[in-house]
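Visitor: I'd like to learn how to read helices that sit side by side. Could you walk me through a case?

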Amino acid sequence: MIAWRGTTNRIGLSKNTNMINFDTNIRARSVGPTILMYHALGSRRDAVTTELGVFERTIEALVEHGNRCVDLSEWVAAGRPCIERRFAITFDDGYRSIALAANVLSRYRLGATVFLATDFMGRESNRSDRPPWMRDEPILDWSETRDLAAAGFRFQPHSKTHPNLTQCKNEQIFEELIESKSAIEDRLGGSCDLFAYPFGASNAFVRRAVSERFIAAFGVRQALAGPGDDRFDLPRVDAYYINTDRAIDRLARGAIEPTLAFRRPPRAVKAHAKAWIESIRRRSNELLRSAGLNAHS
Ligand SMILES: [Zn+2]
């Protein structure tokens with residue numbers, strides 16, 4: 001374990017990269033890195049897509065304001081030190097369009113973590129229960145992930161089939177964790193040590209199952225990481241809300257917290273509403289099935 005002291009501010013860089021090297025002590029503060037969560041990239045913003053130009057301006061602004069990128073596995077392994085002016089980039093679901101980020105990441109020599117739902121690799125969507133308003137969005141195949149891994153992307157599991165794990169039976173939870181982890185390790189080599197919950201949903205049982213196989217896991221709570229966080233439910237900032245020059249500027253200046261605080265209550269309500277709708281849908285399907293009717297989700 002690396003000892004983190006609050007008295008030194010030497011910052012080391014990994015070889016040939018702009019990522020922070022955690023083999024060096026840096027000044028401990030009360031705030032952790034801003035962990036950004038993206039999904040797809042493209043020319044037009046929608047529920048899962050961030051405009052490529054907005055993504056580029058966000059990364060440029062972060063770097064120009066002196067923010068440094070951290071490798072999440074190294075940050076967790078180092079004991080999750082509190083460090084200001086640090087950020088991490090994550091992409092959920094492995095959409096093929098995230099390859100568009102490669103240019104800007106290589107320009108600044110940054111890395112990103114991609115969470116994959118492994119059963120959907122090479123397919124047109126990552127959701128068997130895709131709602132009608134969500135358009136198909138192609139998912140990376142394994143050969144594309146190997147190309148991106150060479151360009152600085154790291155791949156970690158986000159389950160096999162992208163279910164809400166809090167509504168799965170115990171055996172399915174284990175299967176989703178174990179098989180998604182081994183699929184990535186078998187195809188890309190290395191060891192997966194981080195997990196992101198589909199829909200950000202977890203409960204005590206799910207978190208315990210994850211803690212037996214990973215060093216940390218991520219939800220979607222809108223907040224900056226801090227010392228009081230549950231290591232198996234770390235918050236992230238949904239980049240959906242970083243879509244104006246003003247929001248980008250606040251993020252880059254380390255002043256995004258009021259924006260996040262404003263977003264937290266509605267998202268919490270939304271999460272409860274979503275879980276409630278999902279439970280109604282599941283019960284309706286069970287009733288239809290028990291009545292011998294064909295139920296579609
Ligand atoms: Zn997802």
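Guide: Sure, let's start with a pair: the axes of helix 1 and helix 7 come within 8 Å and cross at roughly 30°. Axes are lines fitted to C-alpha atoms, for helices over the stretch in contact, and angles run from 0 to 180 degrees between N-to-C directions. Helices here are DSSP runs of H or I, at least four residues, and strands are runs of E, at least two, numbered from the N terminus. This is a predicted model: local features need pLDDT of at least 70, side-chain atom pairs count only at pLDDT 80 or more, and totals for chains, interfaces and linings use all residues. Residues are numbered from 1 along each chain as its sequence is written.

Visitor: Why are helix 1 and helix 7 called roughly parallel?

Guide: Angles under 35 degrees count as roughly parallel, and the two axes cross at roughly 30°, so helix 1 and helix 7 get that label.

Visitor: Which residues meet there?

Guide: R57, T58, A61 and L62 in helix 1 meet I248, D249, L251 and A252 in helix 7; contact needs C-beta atoms, placed from the backbone, within 7 Å.

Visitor: Which residues of helix 7 are buried?

Guide: Buried means 20 or more other C-beta atoms within 10 Å of a residue's own, exposed 12 or fewer, partly exposed in between. In helix 7 (residues 245-252), I248, L251 and A252 are buried. Seen down the helix axis, these fall within an arc of 95°, so they line one face. Their cover includes strand 3 (34-38) and helix 1 (52-64).

Visitor: What follows helix 7?

Guide: G254, with a positive phi near 75°.

Conventions:
Arc of directions from axis to C-beta. Contact = placed C-beta atoms within 7 Å. Parallel < 35°, antiparallel > 145°, perpendicular 65-115°, else oblique.
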